[in-house]
Amino acid sequence: MRNKYALGGIMLYVVSTVFVSYLSFRQIINVPTWNALFWIILLFASINGVAKSFIGENRGRLLYLYTLVSPQAVIMSKIIYNSLLLLLISGLCLFVYSLFIGNLVQDMPLFLLTLLLGSFGFSSLLTMVSAIASKTSNNFTLMAILSFPIMMPLLMVLLKLSKNAIDGLENWDLNYLLVLMFINVIIIALSYLLFRYLWRD
Amino acid sequence: MKNYWWKILAAALVLYTIVAGFLLSVPAQPILHETIRNLYFHVPMWFGMMTILFISLWHSIKYLSKSDIQSDIVASQAAHTGMLLGFLGIVTGSVWAKYTWGAWWVSDTKLNGAAITLLIYLAYFILRGSLDEEQKRARISAVYNIFAYVMLIVFLMILPRLNDSLHPGNGGNPGFNKYDLDSTMRMVFYPAVAGWILLGVWMMTIKVRIEKLKRKILMNE
């Protein structure tokens, strides 16, 4: 990102959201509440972070990009960049959240794996939705409306996996992990195939 | 006769479903009792919805490859019809749930999937509404339609198989094929599915024709 303030802004967004939750909840010891609040904060932070990848992008700059490289390269690089951004955001979110609200996770490797796969999934899905929403006039509202329903399958699997990680179950639920990877692969494949219909105006 | 025989078939099958569905004998089951007849109305709605949404998806793909605005009209009107069937499916399911599970709505993967389906297609209509230019609207909503349908398949086909569910046919619950020991219900159920799907397709073709006429009038003004 060419804009340092945008990155700082999204970091501050995460920290202040967690702090607001801390002020209203203090400590959370109930597992479903902890889990839900964590993912809700991360969800909104991701939407805010990724929305900028197409919305608000200068038209001239996009045009310049399209003359240089193929559309597939554009969407793939945006997805990779956003994945790294979301990994950073989720890492920060986990750190601040544990600091203020408490850390209930018993199986940390599984939780981190969930977070990693979740960041990839969120980034690829939201990058694509952001590309769709950027074509309309009221794009920020539309970003939320379009992304929430199609994010649900991903979110349900993530919630379930992170619940397992918090409870520290003996065996990893491989079915859910496989489904999560499958969803990620599908989203990336669809973005790769469909993006070229989006960018030409 | 060549072109509209299936419309007569649709009307006949739906008529047969209504008459036979209410009059023929059904297996006596605890809890379900006579509500088991809802099988002929609730389940075909979802079959019909998925068929018609698939038609919508098919025409979206066709639009992206051919850029023919006719495909876009079919895709959007099919989505409208699919939504109507989905809404009817939720209403009939909700009434059924009230009499068997004791509540209009319960938190369940299958039911959430149904609600999400409606939300996804409402978002599709809002996306269409917020784009003015015809070609651009067709192209972008086609992309969203394909994207949304695939995520929907994940939600409706894969997740319910991993979770526990109250809904028959999932999470260790037997489907209705287990109850129907002497196959009397099958004699109504299969025609019902075919009839409702055909009726849905018929409604869709009428909506497509209306939309085309509207555009023709707009062009002539």
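1. Is Lys163(A) buried, partly exposed or exposed? Lys163(A) is partly exposed, since its relative accessible area is 30%, and that falls between the cut-offs of 20% for buried and 50% for exposed. Please keep in mind as you read on that this is a predicted model.

2. Let's stay with that lysine for a moment. Lys163(A) makes a salt bridge with Asp167(A), and their closest N and O atoms are 2.9 Å apart. Both residues belong to helix H6 of chain A, which covers residues 139-167. They sit four residues apart, or about one turn of the helix. Asp167(A) also counts as partly exposed, because its relative accessibility is 30%.

3. Now for chain B, which is a good place to get your bearings. Chain B has six helices and zero strands, so if you follow it from the N terminus, the elements run α-α-α-α-α-α. Along the principal axes, the C-alpha atoms of chain B fill a box of roughly 60 × 45 × 25 Å.

4. How is chain B packed? Of its 221 residues, 53% are buried. Among the contacts in chain B with a separation of 6 or more, 76% are between residues 24 or more positions apart. The area that chain B exposes is about 11100 Å², with 68% of it supplied by carbon and sulfur atoms.

5. Next, have a look at where the two chains meet. The contact draws on 30 residues from chain A and 26 residues from chain B. Together the chains bury about 2700 Å², and 82% of that is on carbon and sulfur atoms. On the chain B side, Arg139(B), Phe147(B) and Met151(B) lose the most area to chain A, together accounting for 25% of what that side buries.

6. Which helices of chain B each supply at least two residues of the side that touches chain A? They are helix H4 (109-129) and helix H5 (134-162). H5(B) gives the most, with 15 residues. Sorted by class, this side of chain B has 21 nonpolar, three polar and two charged residues.

7. How many salt bridges are counted between chain B and chain A? The count is zero. There are, however, three residue pairs in polar contact between the two chains, with both residues at pLDDT 80 or more.

8. Over all chains, the count comes to four salt bridges. In general, side chains of opposite charge can pair when their charged atoms come close. One of the pairs is in chain B: Asp72(B) forms a salt bridge with Arg128(B), with 3.0 Å between the closest N and O atoms. This pair links distant parts of the chain, as Asp72(B) is in helix H3 (residues 69-100) and Arg128(B) is in helix H4, 56 residues apart. Both Asp72(B) and Arg128(B) are buried.

9. Another salt bridge in chain B joins the side chains of Arg215(B) and Glu134(B), at 2.7 Å from N to O. Here, too, distant parts of the chain are linked: Arg215(B) lies in helix H6 (residues 184-220) and Glu134(B) in helix H5, 81 residues apart. Arg215(B) counts as buried because its relative accessibility is 19%, under the 20% cut-off. Glu134(B), at 35% relative accessibility, counts as partly exposed. Through salt bridges that share partners, Glu134(B), Glu211(B) and Arg215(B) are joined into one network.

Definitions and conventions:
Residues are numbered from 1 along each chain as its sequence is written. Chains are lettered from A and ligands numbered from 1 in the order in which they are written. This is a predicted model: local features need pLDDT of at least 70, side-chain atom pairs count only at pLDDT 80 or more; totals for chains, interfaces and linings use all residues. Side-chain values use heavy atoms; hydrogens and water are left out. Contact means heavy atoms within 4.5 Å. Buried area is the accessible area (1.4 Å probe) that two parts lose on being put together, summed over both. A polar contact is a pair of N or O atoms within 3.5 Å; within protein, one must be able to donate a hydrogen and the other to accept it, and residues adjacent in sequence count only if both atoms are side-chain atoms. Ala, Val, Leu, Ile, Met, Phe, Trp, Tyr, Cys and Pro count as nonpolar, Asp, Glu, Lys and Arg as charged, and the others, Gly among them, as polar. Buried means under 20% relative accessible area, exposed over 50%, partly exposed in between (1.4 Å probe, protein chains only). Accessible areas come from the Shrake-Rupley method with a 1.4 Å probe; for residues, only the protein chains shown count as cover.
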